[in-house]
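Subject: Structure handover

Hello,

Here is the structure I promised to pass on. Please open it beside this email and follow along.

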Amino acid sequence: MHYFNRKTVHDKSTGQDVVLSNEDVDLIMRLQQGKLTGQGDPYEPYEDVFSGEVMKTSLVTRPPHKRSFIPSLLEKEKVGKLVHAIKMGWIKPWKPQTDSTEEPEPQFYALWEKEKTEDPQSKSARARERNATKAPKMKLPGHAESYNPPPEYLLTDEEKKKRLEQDPEDRTLDFVPRSYPSMRLTPSWMPLARERLDRCLDLYLCPRKTVLKVHVNPEDLIPKLPKPKDLMPFPTVQAIVSFV
């Protein structure tokens, strides 16, 4: 549509230029602004034409559909699924509400126990739960981490100086073993928060998978040699000797 001015438009169906009147422009502006197109009262009382008066005969002569008086097959299937879920214990029936004046009984539960939901799990969720890979356990502390380790685990001055020159990745231990007279004199472990953070990052970022080990007998990998008698005939006695 080509606009020559505000009130002139080009009609492609007839190929003519149509000049709009003020009423047409006002009607277009109202449509663009979402207002009423007429001049009537927008808040006049609503007159219900179809349900206001009860008629003895219907407005249409079309007979009712068969589905209007036959039980729905979809509802039957949904009810059957709900009944099966209730029988299997996946869905618990509604329990009547108790009086609000009664004090509720305290509910105790195991803090570290796996959460149990009443909703049925999907097949993939059950497979992930069944094939879950446990996280590797941390290495147990040794004698060097004791508050009073044996003398052979304590570092000398030369070993401490050599340890400072090494990179953190090349060090055998992440700490310097120290000896204390009693456990009460042992100070708090400062890098504890850092160790817990590294442990959480290892569990979160390091992927784990189940590797199937193949048990093979080493003797089966060596080819079986045939018996000498099966390779006959071949020389068994020295018959000629040559001297050079």
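Below is what was found, taken topic by topic.

Please keep in mind that this is a predicted model.

**Salt bridges**

There are three salt bridges in the structure.

Start with helix H1, which spans residues 22-33. Asp-26 pairs there with Arg-30, and their closest N and O atoms are 3.6 Å apart. The two residues sit four apart in helix H1, so about one helical turn separates them. Asp-26 is partly exposed, at 36% relative accessible area. Arg-30 is also partly exposed, at 23%.

Next comes helix H2, residues 73-88. Glu-77 forms a salt bridge with Lys-81. Their closest N and O atoms lie 3.9 Å apart, and the cut-off for a salt bridge is 4 Å. Both residues belong to helix H2, with a spacing of four residues, or about one turn. Glu-77 is partly exposed, with a relative accessibility of 45%. Lys-81 is exposed, with 56%.

Then look at helix H5, residues 192-205. Asp-198 bridges to Arg-194, with 3.6 Å between the closest N and O atoms. Four residues separate them within helix H5, again about one turn. Asp-198 is partly exposed at 30% relative accessibility. Arg-194 reaches 55% and counts as exposed, because the cut-off for that is over 50%.

**A buried arginine**

Now turn to helix H4, residues 157-165. Arg-163 lies in this helix. Is Arg-163 buried or exposed? Arg-163 is buried, and it has no salt bridge. Which side chain of opposite charge is nearest to Arg-163? That is Asp-174, at 6.0 Å. A salt bridge needs the nitrogen and the carboxyl oxygen within 4 Å, so this pair does not qualify.

What does Arg-163 touch, leaving aside its neighbours within four places in sequence? Its contacts are Leu-155, Arg-171, Leu-173, Asp-174, Phe-175 and Val-176. Asp-174 is therefore in contact with Arg-163 without forming a salt bridge to it.

**The aromatic pair**

Phe-175, one of those contacts of Arg-163, also takes part in ring pairing. The structure holds one aromatic pair. The rings of Phe-175 and Trp-189 make it up, with centres 6.2 Å apart and planes at 90°, so the arrangement is edge-to-face. Both residues lie in the loop between H4 and H5, so the pair ties together parts 14 residues apart in sequence.

How do the two partners compare in burial? Phe-175 is buried, at 16% relative accessible area. Trp-189 is partly exposed, at 43%.

**A nonpolar surface patch**

Finally, go to the surface. Which residues form a nonpolar patch there? They are Val-49, Phe-50, Met-55, Leu-59 and Val-60. Together they have about 580 Å² of accessible area.

Val-60 is found in the loop between helix H1 and helix H2. Its relative accessible area is 43%, so Val-60 is partly exposed. Patch residues need over 30%, so Val-60 clears that cut-off.

**Where to look**

For a quick tour, begin with the salt bridge of Asp-26 and Arg-30 in helix H1. Move on to Val-60 in the loop between H1 and H2. Continue to Glu-77 and Lys-81 in helix H2. Then find Arg-163 in helix H4, and the rings of Phe-175 and Trp-189 in the loop between H4 and H5. Finish at Asp-198 and Arg-194 in helix H5.

Best wishes

Conventions: Residues are numbered from 1 along each chain as its sequence is written. This is a predicted model: local features need pLDDT of at least 70, side-chain atom pairs count only at pLDDT 80 or more; totals for chains, interfaces and linings use all residues. Side-chain values use heavy atoms; hydrogens and water are left out. Patches are made of residues with over 30% relative accessible area and no salt bridge: like charges are joined within 9 Å, nonpolar side chains (Val, Leu, Ile, Met, Phe, Trp, Tyr) within 5 Å. Accessible areas come from the Shrake-Rupley method with a 1.4 Å probe; for residues, only the protein chains shown count as cover. Buried means under 20% relative accessible area, exposed over 50%, partly exposed in between (1.4 Å probe, protein chains only). Lys and Arg count as positive and Asp and Glu as negative; His and the chain ends are not counted. Contact means heavy atoms within 4.5 Å. Rings of Phe, Tyr and Trp (its six-membered ring) pair if their centres lie within 6.5 Å; planes under 30 degrees apart count as stacked, over 60 as edge-to-face and the rest as tilted.
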